[in-house]
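Welcome! Below are a few exercises, each followed by a worked solution, to help you find your way around a new structure. Have a look at it first, then work through the steps.

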Amino acid sequence: MPNLTLKQRLYQRYWQLLSRYLNKRQPAADKVRLVQKLIFILPTRYGWWFVLLITLLYLLGTNYQNNLILLLCYLLLSVFLVNIVLAYQNISGLTLQCKQAAEGFAGEVITAVVNLSNDKKHLMLNMNFVQPDNTKNTDARQNETVLLSQPATTATLNLNGTKRGKYALPRIKITSQYPFGLWRAWSYVALAQHYWVYPTPDADKSVLNSLSNDASQQAKTDAGETLSPYRAGDSVRHMVWKRLARDPANPVVRQQHFSAQAEPSWVVVPQLSGDALERALRYACQQLLQLEQSGSSYGLKLPALTLPQAKGPQHLQRCLQELALC
Amino acid sequence: MLTQQKLKQKNLLLSWAAIQFSLLLLLQQAFAGWVIAIFALLLLYRLLSVFKAKAAISLKLVNLLAGIIAITFFLQLQQAGVLHFMLQILLLAATARLLALQHLYEARQLVWVHYFLIACCFILHQDMLIAVFILLVFAVNLYSHYRLFSPSVSQVNWLQTGRSILIILPLWLAMFLLFPRLPPFWQIPNANIASTGLSDTLDPGSIEQLVQDDSLAFRVEFDGALPPRQQLYWRARLYEDFDGRRWQVNALRKNASRQRAADTTADSSLSYRIIAEASQQTGLFALATPVTSSSNVFISPSGLLSSNKPVSQRLSYQVSSSLTPVVLVSEQEQQLNLRTAPGNPQTQQFAYQLKQQYPQSHELVQALAEHFRQQAFYYSLTPPPLGRNSIDAFLFDSRIGFCSHYASASAVILRHAGIAARVVGGYQGGNWHPQQGYLAVRQREAHAWVEYLHNGVWQPFDPTAAVAPERILNSLDSALPEDQRALLDPGWRQLALLQNVRQQLMHLDYYWSVWVLGFDDTSQRQLWRNLYRHLPVIGYSVAALFVLVMLLLLYFRVRQNRTDNTPEATKQLYRYLGKMLAAKPPSLPVSAFLLQCAKRYPAHDIYLKQLTELYEQALYKEDTEALNQLKQLLKCHKAELGRLRRAIKNA
């Protein structure tokens with residue numbers, strides 16, 4: 001554990017204990033409905049201030065022997081108490097489901113779509129994934145929180161993928177302070193779903209050059225391709241989606257120069273290990289994306305597995321998944 | 001969306017400004033004029049900036065401004081008192097926060113301080129109407145608090161609000177009634193507000209001013225029947241020092257009020273409860289000789305009641321009095337009340353004559369009363385100004401005076417005649433409300449009379465009774481001539497309708513002060529005792545209610561089950577397509593009918609087929625997912641449904 005402050009360490013320990021408890025209480029399930037068993041409620045910081053207010057008013061009312069101040073104090077106290085129920089009601093009954101596994105490239109923000117169904121109005125829900133494993137810095141731990149101020153059917157949550165692989169979806173933290181911000185009702189929901197982190201596409205093929213000449217033919221097709229700004233009429237198929245996601249204002253398309261009857265090609269990942277393997281995988285990923293974009297058939301050869309040639313998004317997904325698992 | 005966000009903010013800002021204006025209005029008693037002016041200016045500036053959609057002032061500037069103002073407040077601390085200083089600082093904090101408010105989350109502190117200030121208003125105001133107003137301000141603040149944590153465009157969910165109120169109300173009342181009441185923990189600063197009612201000095205003109213004040217002084221409930229009016233002399237002050245012109249309370253009395261008299265030998269024939277209005281004075285009221293009292297007030301040896309601190313809010317206390325005159329406390333007291341002041345030679349002369357004629361003191365008093373009755377003395381609210389020898393001028397020259405003139409003159413005559421005498425200030429009579437069962441004593445019932453020493457007791461003597469017996473037997477109004485009555489009643493008060501409304505409000509206010517303000521640990525203990533006594537009854541009724549509710553629930557459940565075995569999917573279809581399905585022959589299944597429709601109206605073919613498929617899946621496969629989709633489909637395509645309905649209608 002490098003350079004962790006005491007606070008972070010404590011938080012990790014706390015999260016470990018909490019996860020153990022939560023795993024027993026709510027093991028991952030396809031569909032989770034928030035019921036009493038899963039909801040925690042504690043006062044917020046403002047709630048504690050409110051308690052202080054009530055105490056002060058009680059002292060004031062008692063010292064002045066003033067029934068009206070006491071009345072107001074009790075009114076605030078009953079509002080405070082009833083808020084427990086209101087906060088609970090606002091969050092209970094919400095059903096969460098994640099139908100599709102999220103996917104994305106390492107180092108990018110991966111978005112997972114969570115389906116919500118509800119029988120009543122849930123307002124002001126905050127949702128985020130709890131990923132305490134990423135200990136690189138404190139910011140990475142807390143994923144961006146999504147606020148659903150109105151009832152919604154889906155929520156798009158962000159995940160941080162740092163290393164390729166297949167991971168179980170982390171717990172979703174749903175919190176709500178509605179209606180008066182005095183109590184926080186929250187729940188950690190584990191959904192039985194995965195998310196994929198694919199290797200980052202990377203055109204650096206230095207690893208391969210030194211290794212084999214197998215890919216030299218591939219290199220030629222690469223050379224016949226340039227990037228240029230999108231103009232009206234360009235095929236959407238040639239859009240560089242990755243760039244678009246980064247910079248939606250300036251779409252970029254690939255100008256493909258190779259001929260339509262290009263040979264069905266193979267993407268090969270040789271037997272490697274460590275950093276070299278990672279680089280090879282990144283390059284393979286880049287190749288796969290390009291091939292899919294060009295519309296040609298392609299296959300994937302891994303040391304342990306060969307995927308026959310085909311094309312289409314499903315095939316691409318399958319290939320990328322194998323890369324992630326490799 | 002953005003404009004709505006802004007609009008909401010504007011509304012919120014306006015409501016907070018309104019809250020602060022009302023707080024300023026409610027707390028104005030506690031603030032000096034220039035303080036009010038500062039706050040009003042700050043708030044007006046804020047309002048202007050809201051309307052002109054200007055940005056809030058920077059925090060730095062506001063802090064600087066608030067700091068300067070806070071220092072000026074602090075410099076005036078001596079003058080304002082600690083309580084007022086606290087209120088000023090709190091309101092300043094709220095106003096400054098409002099001035100610099102930029103983000104909604106910053107408003108949380110603002111709302112918090114508002115809650116506290118609203119509660120502080122109750123220190124100064126306990127009238128029912130004002131209390132209702134304060135609660136209204138509280139409700140606005142609560143709403144703005146809700147707005148801080150709710151979506152910007154949502155409407156208030158009235159159903160939920162109603163349900164919450166139904167829970168809150170009993171909880172609130174139960175807490176108020178049953179939560180233990182504690183004695184004050186420590187001494188707290190009081191508001192320094194000008195006191196009302198009788199003062200420590202009695203000028204010839206002071207009571208005339210007081211009786212023009214129509215406000216309530218105190219209210220009395222008698223445990224038994226109402227005593228006759230002639231006995232309703234509420235003693236409040238003893239004036240024993242006379243300087244030739246004005247009477248003053250002796251310094252001895254002011255200090256000696258703390259000791260409780262433990263005279264239990266006298267029988268207490270009259271028991272009553274007094275609810276005194278806030279007067280900012282310690283002096284309270286009792287009839288004749290008070291024997292016992294509740295623990296929050298003290299009985300001094302001279303028979304006066306006082307509380308241990310100035311009455312800054314309505315105070316309720318129980319007294320039992322014996323209707324016998326007050327006993328002489330000490331030799332010193334007698335000496336004190338024999339002192340005479342120089343001047344008024346004619347009066348002295350008159351006193352000596354009387355003394356020679358009537359050596360017995362009560363004979364002399366009788367003669368004096370007879371003198372007032374026989375000679376041409378007049379009772380008036382507007383007596384002419386008197387010269388340096390005021391008693392002489394009154395007795396032998398103008399002969400027009402108010403109760404204080406008569407009392408003062410009588411006491412001086414008695415002292416010159418060698419009889420210890422003093423002037424008593426207080427109230428006489430009161431307005432009896434038989435339906436509500438209380439006596440309302442207002443400032444206009446203020447009165448002054450005389451007590452003289454006879455056989456070791458202080459005999460009361462009211463010279464006004466000799467001059468204007470109607471004043472004692474009836475009321476002040478009947479004792480005064482027509483033109484002077486108008487002085488007591490400004491024009492609008494004479495309208496019968498308004499008078500009536502005012503009366504009703506006063507009664508409501510009475511119940512308010514008895515049940516809400518007067519609810520103390522004694523009443524609480526009483527309540528607990530009653531609860532305990534009726535515990536079995538309460539328990540049974542709660543159990544019975546519970547059983548009844550359960551039975552009702554069971555009944556409805558059974559009925560629902562019996563009548564309602566149509567599947568959910570069918571219900572949903574009927575809910576949205578009821579009119580269309582009404583045309584369906586009973587022999588035809590729903591899905592077959594829908595398919596027929598699809599054929600007949602090709603424009604809606606896809607939609608109807610979709611519906612049919614989902615419906616069949618939901619019905620026969622019992623697929624909940626399909627059911628949900630069906631619901632969704634029905635819900636989201638209302639426009640299409642409408643078109644379909646119209647098509648059927650036109651066909």
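## Exercise 1: a five-stranded sheet

Strand S6 (residues 125–129) and strand S10 (residues 172–176), both of chain A, form an antiparallel pair with five bridges. Before going on, please note that this is a predicted model, in which local features need pLDDT of at least 70, side-chain atom pairs count only at pLDDT 80 or more, and totals for chains, interfaces and linings use all residues. Residues are numbered from 1 along each chain as its sequence is written, while chains are lettered from A and ligands numbered from 1 in the order in which they are written.

**Task.** Place this pair in its sheet, and find the edge strands.

**Solution.**
- Step 1. Strands here are DSSP runs of E with at least two residues, helices are runs of H or I with at least four, and both are numbered from the N terminus. Two strands pair if DSSP finds at least two bridges between them.
- Step 2. Look at one bridge of the pair: A:Asn126 has A:Thr175 in S10(A) as its partner.
- Step 3. Now widen the view to the open sheet of five strands in chain A, whose order is S2-S11-S10-S6-S7 with antiparallel pairing.
- Step 4. Strand S2 (40–43) and strand S7 (146–148) of chain A each pair on one side only, and these are the edge strands.
- Step 5. From one strand to the next, the twist averages 25°, with axes taken as lines fitted to C-alpha atoms (for helices over the stretch in contact) and angles running from 0 to 180 degrees between N-to-C directions.

## Exercise 2: a four-stranded sheet

**Task.** Trace the open sheet of four strands in chain A from edge to edge.

**Solution.**
- Step 1. The order is S1-S3-S5-S8, and the pairing is antiparallel.
- Step 2. At the edges, strand S1 (31–33) and strand S8 (154–160) of chain A each pair on one side only.
- Step 3. The twist averages 30° from one strand to the next.
- Step 4. Strand S3 (residues 95–97) of chain A meets strand S5 (residues 109–117) of chain A over three bridges. Here A:Leu96 stands opposite A:Leu116, and A:Thr95 has A:Ser117 as its bridge partner.
- Step 5. S5(A) is joined to S8(A) by seven bridges, and across this pair A:Val114 stands opposite A:Ala155.

## Exercise 3: where the chains meet

**Task.** How many residues of chain B are in contact with chain A, and which elements of chain B give two or more of them?

**Solution.**
- Step 1. Two residues are in contact if their C-beta atoms, placed from the backbone, lie within 7 Å.
- Step 2. By this rule, 34 residues of chain B touch 36 residues of chain A.
- Step 3. On the chain B side, the elements giving two or more residues are helix H6 (107–124), helix H7 (128–148), helix H8 (158–178) and helix H20 (496–517).
- Step 4. That side has 27 nonpolar, six polar and one charged residues. Ala, Val, Leu, Ile, Met, Phe, Trp, Tyr, Cys and Pro count as nonpolar, Asp, Glu, Lys and Arg as charged, and the others, Gly among them, as polar.

## Exercise 4: buried or exposed?

**Task.** Is A:Val82 buried or exposed, and which residues of chain B does A:Val82 touch?

**Solution.**
- Step 1. A residue is buried if 20 or more other C-beta atoms (placed from the backbone) lie within 10 Å of its own, exposed if 12 or fewer, and partly exposed in between.
- Step 2. A:Val82, found in helix H3 of chain A, is buried because 21 other C-beta atoms lie within 10 Å.
- Step 3. Leaving out residues up to four places away in sequence, A:Val82 touches B:Ser164, B:Ile167 and B:Ile168.
- Step 4. For contrast, take B:Leu252 in helix H10 (residues 251–255) of chain B. B:Leu252 has 14 C-beta neighbours inside 10 Å and therefore counts as partly exposed.

## Exercise 5: the largest core

**Task.** Which residues have the most contacts inside the largest nonpolar core?

**Solution.**
- Step 1. A nonpolar core is a set of buried Ala, Val, Leu, Ile, Met, Phe, Trp, Tyr and Cys residues joined through C-beta atoms within 7 Å.
- Step 2. The largest such core has 109 residues, and A:Ile69, A:Leu72 and B:Cys121 have the most contacts inside it.
- Step 3. Helix H3 (residues 67–91) of chain A gives the most to this core, with 15 residues.
- Step 4. Among the residues that A:Ile69 touches, not counting those up to four places away in sequence, are A:Leu57, A:Tyr64, B:Ala119 and B:Phe122.
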